[in-house]
Amino acid sequence: MQKTRLAGVARYFGFSAYWFGFSFHWFLLLPLLMPADVLRFVGQEQQGTYLGWLAGTLALIPLLLPPFLGMWSDRLGRRLPFMVWGTSINVLGLAVMFFAPGYWVYAAGYVLVQLGNSLASAPYAALIPDLVPAHEKGAASGVMGFFQLSSQIAGGVAAFALGGSREGQYLAIILVLSACTFITLRSVREPQVRRDAEPLDLRVFFRPQYAGFRWVFLTRALVESGRFAVQPFLLFYLKDVIGQFRIGPITLPSAELALAALLVLLSLTAALTAITSGPYSDRVGKKPVIYFAGAVMATAALGFALTHNFAVAALAGLIFGLGYGAYVSVDWAMATSVLPDPSKHARDMGVWHVALVFPQLFQGLFGQILDAGNRASPGGGYPILFALAVTLFALGTLFISRVRGVR
């Protein structure tokens, strides 16, 4: 029985490879490369505002495009060609960001990254409901969660191995994303099924049969809002609040490497719960796992807010990872379990994808809160953001009780 279960999980490794590259890409780009690049362009006094508005305003692209890309993909009955073109545009945008001489050219490159990433990932999100049997959605989602989090471990290891090199990290993103996309393209045999073309009418999501979908959408948006209140500014937090990066006899020489170490520790525990929580949720239900995950994430965020010690922050990161790994492994399966229309998987998952992206719009506001708090008191903006994250994680956990039709 155990061998059969493991074989079932392994079947989704090639299928999930793209998600490894996708997550590796954002792990290095958002928390490590972009904050350092923006700081280099605009200086410390406006670092939070410029980073927040860059990431937040351009999040309109992955916010607005996925439903239309999903509808287009449903009409053609194809997912994989979108991944080819999307990844190519994404890589071009990364090259522009790397060679950018100033902030605005850098922003133009990020536009291309967001366009290409949306073009590839929105149709890809429909592959689970397309290809995975209902009784294995937890297992497939668990593999994707594991790949997402193990890619973050790989990203942290890469940052260390490259000594924090900007050039090396951009090259690593391009190579890993391209290779992982190729693996998924070679592994997946998608059924080519043309769906009836019809205009995108968002009013359909307010019909009674979409009630569960709406609650899953809201809870994911709340949790992602909590994450984006903190994640883009972690490098600044380590520099402004922690200062010294020591765990026992080990001292790290820079905030960049300290952040890489912190994210690796977080990802280790997250990968552990990701690969186990998906199949476990198939047996006991999705909701208990989500309740556990939300409570753990809120507790860990509170720990970050209360410490000035890197060892304590690292411990909070380990604890956060336990909750986040369980959450990401089950949330995708829950979303696919409440879809009412099998013929509109890509459209519906494209709309669900908006819940992952919509919170990024608030990064400009979060950055202004951070800079205002820091002006009022040195380091005073960070506890505000962590308290906000705790609140959002708690709400995202409580509202999962409103989802009907899912254990």
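**Exercise 1. Describe the setting of serine 267, which lies in helix H12 (residues 255-284).**

Solution. Begin with the frame of reference: this is a predicted model in which local features need pLDDT of at least 70 and side-chain atom pairs count only at pLDDT 80 or more, while totals for chains, interfaces and linings use all residues. Residues are numbered from 1 along each chain as its sequence is written, and side-chain values use heavy atoms, with hydrogens and water left out. Helices (H or I, at least four residues) and strands (E, at least two) are DSSP runs, numbered from the N terminus.

Next, take the accessibility: serine 267 is buried, with a relative accessible area of 0%, where buried means under 20% relative accessible area, exposed over 50% and partly exposed in between (1.4 Å probe, protein chains only). Then follow the side chain, which reaches the backbone oxygen of leucine 263 at 2.7 Å. Finally, list the neighbours: leaving aside residues up to four places away in sequence, serine 267 touches Phe27, Leu149, Gln152 and Ile153, a contact being heavy atoms within 4.5 Å.

**Exercise 2. Work out how the salt bridge between aspartate 37 and arginine 166 is placed in the chain.**

Solution. Start from the principle that side chains of opposite charge can pair when their charged atoms come close. The criterion applied here is a side-chain nitrogen of Lys or Arg within 4 Å of a carboxyl oxygen of Asp or Glu, and a search of the whole structure finds five such salt bridges. In the pair of aspartate 37 and arginine 166, the closest N and O atoms are 2.8 Å apart. This pair links distant parts of the chain, since aspartate 37 belongs to helix H2 (residues 13-42) and arginine 166 to helix H9 (residues 166-187), 129 residues apart. Aspartate 37 is itself buried, at a relative accessible area of 2%. As a last step, widen the view: Asp37, Arg40 and Arg166 are linked in a network of salt bridges.

**Exercise 3. Identify the salt-bridge partners of glutamate 224 in helix H10 (residues 211-228).**

Solution. Take arginine 220 to begin with, whose side chain meets that of glutamate 224 in a salt bridge (3.1 Å, N to O). Because glutamate 224 and arginine 220 are four residues apart in H10, about one helical turn separates them. Turn then to arginine 227, which forms a salt bridge with glutamate 224 whose closest N and O atoms are 2.6 Å apart; these two residues, both in H10, are three residues apart, about one turn of the helix. Now check the burial: glutamate 224 and arginine 220 are both buried, and arginine 227 is buried as well.

**Exercise 4. Compare the spans of H10, H6 and H14 with the expected values, and state how far each helix is enclosed.**

Solution. The expected span is 1.5 Å times one less than the number of residues in the helix. H10 has 18 residues and reaches 26 Å from its first C-alpha to its last, close to the 26 Å expected; 13 of its 18 residues are buried, so H10 is largely enclosed by the rest of the structure. Helix H6 (residues 103-124), with 22 residues, reaches 31 Å, close to the 32 Å expected, and since 16 of the 22 are buried, H6 is likewise largely enclosed by the rest of the structure. Helix H14 (residues 310-337) has 28 residues and a reach of 40 Å, close to the 40 Å expected; 21 of those 28 residues are buried, so H14 too is largely enclosed by the rest of the structure.

**Exercise 5. Contrast the accessibility of methionine 334 and leucine 322.**

Solution. Locate the residues: methionine 334 lies in helix H14, as does leucine 322. At 0% relative accessibility, methionine 334 counts as buried, whereas leucine 322, at 31%, counts as partly exposed. For methionine 334, note also that its C-alpha atom is separated by 9.6 Å from that of serine 281, 53 residues apart along the chain.

**Exercise 6. Summarise the protein as a whole.**

Solution. Count the elements, which are 17 helices and two strands. Then consider burial: of the 407 residues, 59% count as buried. Lastly, among contacts with a separation of 6 or more, residues 24 or more positions apart account for 85%.

Key. A polar contact is a pair of N or O atoms within 3.5 Å; within protein, one must be able to donate a hydrogen and the other to accept it, and residues adjacent in sequence count only if both atoms are side-chain atoms.
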